[in-house]
Amino acid sequence: MHNGFFIDVGSISIESKEVMPNTKTHAGSNQSNFANDRDCFTSKIIDADILAKTRKLLDSSIVYAWHKVPLKCKPPALTRIRWIWRLAGAYHSSRYTSRLMEQASQRFAASGRHSLAQWAAQKAKEEAGHDRLALLDIQSMGYDPLAVVQALVPSAAQSLVDSLTRSVQALNPIDCVGHAYASERLGTFQGEKYIQSVEALLPVNICATRWLRVHTAVGAEIKHVEEIVEVVAQLNERERHHVAEACYKTALLRFNPPKEGYISDEELQQILKTLELPAHMQAKFNYKLLTA
């Protein structure tokens, strides 16, 4: 990915000839109409052709976003301290997800969208505690995790949180489905090989890929992607395209480089050198994070 935040774009291999729908067609103006739609999930058996078309529509939105971003700013190579930067971003992007999905579930339920409410509630449970995984990873690197995430707030992570918040607080929170698909689908492009490449940069016997393992193909991302495809396939055509637009916009956020540019390793080192934990303090912080 351009901002080197979550994925390696070299691994993207989606191909699609489907044209992405006009992102101005449904967004905004039709939000009030969606609020009047009742839950359209009427069958647990979904036609395989509809599933395939839905998957293609959503994947096409990611490909379309990828081609819309100019390749002008190559992200810096991953280093040991830059991994801490990415973990800080992972923390901030995960911190509010569970709470926001709970809100989405409540809003779906209030408008009679009970299956969507159930999906969002399940997503809230699945995402609970993932921010702690990032904190444990940072702590494993020998740094005060709470001080690190206070000092380091990547703009890419904040943009994703802001986008999800707006989606959930909209009249109809259907955009959160597209946000979830883009995030989890991009996670499926990373597997054990990528995780091992990260671990090769870390000190020997240091476990600092807990968060990464949960959010890649070796975790539950593939299963979650298939679940979202099934959810979207049971929506009406208008809402399927609306979810695809939200997926496209989320992918753009993930692909675009930060407006302020990339933080340098030198600047990171300067910030982190004062946040190292003494050896005798590391076990204490580990206990606090596990029991918080």
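Which residues is Thr 188 in contact with, leaving aside its neighbours within four places in sequence? Keep that question for the second stop of the tour; the whole chain comes first.

**Before selecting anything**

The model is predicted, so local features need pLDDT of at least 70 and side-chain atom pairs count only at pLDDT 80 or more, whereas totals for chains, interfaces and linings use all residues. Residues are numbered from 1 along each chain as its sequence is written, and side-chain values use heavy atoms, with hydrogens and water left out.

**Whole protein**

Show the cartoon. The protein has 15 helices and zero strands; these are DSSP runs, H or I of at least four residues for helices and E of at least two for strands, numbered from the N terminus. Of the 292 residues, 51% are buried. Buried means under 20% relative accessible area, exposed means over 50%, and partly exposed lies in between, with a 1.4 Å probe and protein chains only.

Turn on the surface. The accessible surface is about 14000 Å², and carbon and sulfur atoms hold 52% of that. Areas come from the Shrake-Rupley method with a 1.4 Å probe, and for residues only the protein chains shown count as cover. If you draw a contact map, 86% of the contacts between residues at least 6 apart in sequence join residues at least 24 apart; a contact means heavy atoms within 4.5 Å.

**Thr 188**

Select Thr 188, in the loop between helix H9 (175-187) and H10. Outside its neighbours within four places in sequence, the contacts of Thr 188 are Ala 217, Glu 221, Ile 222 and Val 225. Thr 188 counts as buried because its relative accessible area is 16%. For a distance label, pick the C-alpha atoms of Thr 188 and Ala 217: they are 4.4 Å apart in space and 29 residues apart in sequence.

**The loop between H10 and H11**

Go to the loop between helix H10 (192-199) and helix H11 (210-214), where Asn 205 lies. Asn 205 is not a glycine, yet its phi is positive, at about 65 degrees. Is Asn 205 buried or exposed? Its relative accessibility is 78%, so Asn 205 counts as exposed.

Thr 209 is in the loop between H10 and H11 as well, but it counts as buried, at 2% relative accessibility. Show the side chains around Thr 209: not counting residues up to four places away in sequence, it touches Trp 83, Asp 137, Ile 195, Val 198, Glu 199 and Leu 202.

**Cysteines**

Select the cysteines. There are zero disulfides in the structure, a disulfide being a pair of cysteine sulfur atoms within 2.5 Å. Cys 176 is buried, at 1% relative accessibility, while Cys 207 is partly exposed, with a relative accessible area of 40%.

**H2 against H13**

Two packed helices are described by the angle between their axes and the distance between the axes. Select helix H2 (residues 48-68) and helix H13 (residues 237-255): they pack at about 35 degrees, with axes 8 Å apart. The axes are lines fitted to C-alpha atoms, for helices over the stretch in contact, and angles run from 0 to 180 degrees between N-to-C directions.

To see the contact, show side chains on both helices: among them are Leu 57, Leu 58, Ile 62 and Trp 66 of H2, and Val 243, Cys 247, Tyr 248 and Phe 255 of H13. By class, this contact has 13 nonpolar, three polar and two charged residues. Ala, Val, Leu, Ile, Met, Phe, Trp, Tyr, Cys and Pro count as nonpolar, Asp, Glu, Lys and Arg as charged, and the others, Gly among them, as polar.

**Val 229**

Select Val 229 in helix H12 (residues 221-233). Val 229 is buried, with a relative accessible area of 0%. It touches Leu 51, Thr 54, Arg 55 and Tyr 181, not counting residues up to four places away in sequence. Between Val 229 and Lys 56 the C-alpha to C-alpha distance is 9.6 Å, with their positions 173 residues apart in sequence.

**Leu 100 and Leu 135**

Move to Leu 100 in helix H4 (residues 97-110), which is buried at 2% relative accessibility. Beyond its neighbours within four places in sequence, Leu 100 is in contact with Val 161, Leu 164, Thr 165 and Val 168. The C-alpha atoms of Leu 100 and Thr 165 are 6.7 Å apart, and the two residues are 65 apart along the chain.

Finish at Leu 135 in helix H6 (residues 130-140). Leu 135 is buried, with a relative accessible area of 6%, and its C-alpha atom is separated by 5.3 Å from that of Pro 145, 10 residues apart along the chain.
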